[in-house]
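Below is a short report on selected local features of one protein model. The sequence and structure come before the discussion.

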Amino acid sequence: MPLLAGNRRGGGLGHSLLPSSSRPVRPGRKLSASSSSSSSSSRRRGQFRDLLRVANSTLFGVGLLVSLFFIIVFFRFGIPSHFSSTSTSPSSRSRHAVIPRVPRKTPSRRFSSLSGGNLREAGVPAAAVVDITTKDLYDRIKFRDVDGGAWKQGWEVSYDVHEWDSEKLKVFVVPHSHNDPGWKLTVEEYYEGQSRRILDTIVESLSKDDRRRFIWEEMSYLERWWREASSTKKESFTKLVKNGQLEIVGGGWVMNDEANSHYFAIIEQVTEGNMWLYDTIGVVPKNSWSIDPFGYSATMAYLLRRMGFQNMLIQRTHYELKKELALHKNLEYIWRQAWDAEETTDIFVHMMPFYSYDIPHTCGPEPAICCQFDFARMYRYGYEMCPWRQDPVETTQENLQERALKLLDQYKKKSTLYRTNTLLVPLGMTFFTNYQKLFDYINSNPSLNSEVKFGTLDEYFQTLRDEAERINYSRPAEVGSGELQGFPSLSGDFFTYADRQHDYWSGYYVSRPFFKAVDRILEQRYCDTSPCVRLPIAFSHKLTAARRNLALFQHHDGVTGTAKDHVVEDYGTRMHTSLQDLQIFMSKAVELLLGIQHEKSEPLSPSQFEPEQVRSQYDVQPVHRVLNMPQGHTQSVVFFNPLEQARDEVVMVIVDSPDVCVLQSNWSSVQSQVSPELKHGDLGKLATGRHRLYWRVYVPPLGLNTYYVALGYMGCEKAKPAVLKLASGISPLPCPAPYACSELKGDKVELKNRRYTLTFDVKSGLMNSVTRTDGTRTVVGEEIGMYSSSGSGAYLFKPIGRARPIVEGGGQVIISEGFLVNEFTRVYSAENTIQEFYIEKEYHVELIGHDFNDKELICRFKTSIDSRGVFYSDLNGFQMSRRETYEKIPLQGNYYPMPLLAFLQGTDGSRFSVHSRQALGAASLQDGWLEIMLDRRLVQDDGRGLGQGVMDNRPMNVVFHILTESNISAAVAPSDPLPLQPSLLSHQIGALLNYPIHAFTSRKTQEVSSLHPPPRAFSPLTSSFPCDLHIVSFKVPRPLNYSQALPREPRFTMILQRRVHSAGDDPLNLDIFKDLELLNARATSLNLMHNSVEMLGYIEQVEDAAQEGHALMSPMEIHAYKLEIRPQK
């Protein structure tokens, strides 16, 4: 019986289509509740009255606001006496094996410090000792794309017939089905057309024969099927999982992209899928299956390890790297983080060796032969016949021996690429009967020294581990790992992916950048508001939908921008709907947190506040609301700080009158500045007639503060108008009232604050240099350029030569100078704020119209830094990766993902960093140059299955924060493979961009009177966190089940990250909230499924510290904690 899979990404070698392979569903394990209850006595550790009214996490920022709201609602409208989080621990009853860690090295770390903006020391932990680094591979490989014959990207494989005389070959054929939650069809269209039928067929087929196996990965489809499946089908499905025929692998909501997704969104999507699976079927996956993302990040390996996963399988890595690893039998290895000197992050990885995951490229090295066993082609299940002109035939008694031996020959050839005699063969289209006949023949002939059967991924990995324990496969002088002996250790990542003929998949780093930005906004705005018993169930569903819509977009054809136009519209609409829902809820949270609403009022009645920015539809940028108040009136503006450190910075709102002033919550005056709101794209009109109002605010960590904008209020200092400097190569520019204007003279112009002097070219408006107040000057030749391409598409970047500059002289230059903000490139002058350390660049991008067809837009910073062809870009916002430019690979192969940050580091320790608020692509194509791609518009399909170009560009603003630093003591050799990490100052600057202060304005103005309302602010934390610590999330993970939870089930969880720091590994007191009593804390996995620190790779002291109410964290680590808390009596 066939199990169908959808087509995938274009022609294979020999022009074959690449069918999506089927994904195995591994039998899950029954997990039982943890019986552990911490004996730690309740202690008064913090004050948290207001925070207890709101409680939950920020899926990047604003979720914390909603968290706080829930605690408030919870305690104001009725709650249990305490909330337990020590509860159910799947790992405590799981049958999953716990692999003990064997730490063999003592950590040796170098730390950084923040002082006056300089990074004083190296800012990196000690390097891991490994057998292989991806840098070593790139240095060694010649990238000549040699034709290997039948295995075009390899060589002619042979074997010794006696190789299996002492240890027979054990082959696990793993049936699977690859189901994209959106690609050429929407997730719902795929479900109705394919995935529902596949899941029905799995249950029916596996129930007929207990020798059959299958694995399944995407919980988004399984949850959808579960909602409408009959009770009989659900029972059958669960039985198949429990008896080991069906394995859930990965178990995330989707199979996420690893280049563009932020680590927070990855944690959320895996957790969402894993928790649904455990709550529904009672199993937790331990093996990851990732066959389709276009390159692999070391961050993903780290997160999986800290989620309790034991093994990984990956597929899409550079074909030349696969060949090099296969030559030395290193396709299975232990993946270790480059900064992990203690071996606590080790996880076992199986890399598939061939071009694709379809049947022609999985049974062995010769696709022409393997295609003969792709039985779906006989029945044309959406497939063409074999391109090699040798088509599959039915297995009969007459051809059984010949067919079985031909198939076994491929299995044996494939096995020579690995160290053990245990072989994995994925099977993407499953015709069980034909294969079972072949297996029975092989197994009935002892002289073949082989055993072949259907298997799950877990059966494969467990058999391999058993064999590796019996037989020593270690090489002389191999470092290996205490995780599993016999395999090399490796560090690094697998970008940029190339599948054939120097075709590099670096285009998707930037495809559909508008929606990559929307993804980040949803992360910021997501409010995981689980903790409220009284929360209307309708809104709990909306919160769950928001989390799942964010999770869905992490799919490797979602955030990548590689789906059909109508699918992108579906993703965008889903995210927009969730953003609208969350903004409504956040506005209500502000009201309740400030204590404005009466205690008996309905928690979700309309709020008197609304977000200061509004987005009218899914594919447009947000716009600022205009504060428009009559004479003698005020309008409230409330600011929320999603960070764990207090914020002291300059903010901006739009007003319709320049004659306004600003008041603090205590009604004292605040100095402010007005500048004209400039009009884009209208050469005849300089300004819109509205004004940007700037002032400096203080907002406590995770807190709120209120300010008032007033018109005609006596005793309040009016906003000071900026001074404008104008230059136009077209016609004179009018001076808008009430501003003073002057003409720019000369070819150069300077912008200054206390930290920088910036020099610009007046004719082009582009930056020339940055000079720090310590006299350090960095040449920064800014360019805007354009690539022309031939063959670029949603996936591939195939430029014709270098990008050419496109900016010509003679445009308009408008500089606004004020005591708080200078605008052209934005420079802040507010003393003693983080803002004065960085330069803000904002590019308005509209790649719309035929003139931009097959063009790719870049900005380039040509600096004087001696970077020796090396730059650093981040992996998922978690860590940096060293990138070296190689002349032996084409330009597009030297482009790398830049989710948040890229920097150049000079041999003298100087550093030039660019922070982004959306995922893009970056390169350093010449010493001292940093190039970032902004958008791309492509007419053609690139032959990878999508069947269209990328023509649905939207206008957008791309914002960068630029930082220059001097780090003389941290000078490193360009050949040093260990990635440098951002300084603490750089971390803080990135946080300001990606966790912005959120503003809410009152719907109505108020008349000024002598009776002022009391100060309105909200400050939940006992103090600011150290700047090397970050709250990733604080939430109740199951909002829909909260009111039904048992008293001892987990309700509150907190995830923390410790960045590289200078203060040592001092523990953090988890008792951080005011008026809140912490009864118990317990370390758990990042997906909240396991409570065994040994299983997660942590040192034992982590659990001991948690039971004392402390987080003991090394730099670079992310920890999760379950918290049992109650209001202080």
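## An edge of the mixed sheet

In this predicted model, Leu627 stands opposite Val655, a residue of β26. The two strands involved, β24 and β26 (residues 647–655), run in the parallel sense and pair over two bridges.

This pair belongs to an open sheet of five strands, ordered β24-β26-β30-β29-β32, with mixed pairing. At the edges lie β24 (626–627) and β32 (720–721), each of which pairs on one side only. Strands of a sheet pair through backbone hydrogen bonds, in either a parallel or an antiparallel sense.

## The β35–β36 hairpin

Strands β35 and β36 (residues 756–761) pair in the antiparallel sense over five bridges. Three residues form the hairpin connection from β35 to β36. Lys752 has Thr757 of β36 as its bridge partner.

Side chains alternate along β35 (residues 748–752). Val749 and Leu751 point to one face and are buried, whereas Lys748, Glu750 and Lys752 point to the other face and are not buried.

## Pro293 in its loop

Pro293 sits in the loop between β11 (287–290) and α7 (298–306). Its relative accessible area is 0%; because the cut-off for buried is under 20%, Pro293 counts as buried.

Leaving aside residues up to four places away in sequence, Pro293 touches Met255, Asn256, Arg316 and His556. Ile314 is 21 residues from Pro293 along the chain, and their C-alpha atoms are separated by 8.6 Å.

Notes
Residues are numbered from 1 along each chain as its sequence is written. This is a predicted model: local features need pLDDT of at least 70, side-chain atom pairs count only at pLDDT 80 or more; totals for chains, interfaces and linings use all residues. Side-chain values use heavy atoms; hydrogens and water are left out. Two strands pair if DSSP finds at least two bridges between them. Helices (H or I, at least four residues) and strands (E, at least two) are DSSP runs, numbered from the N terminus. Buried means under 20% relative accessible area, exposed over 50%, partly exposed in between (1.4 Å probe, protein chains only). Contact means heavy atoms within 4.5 Å.
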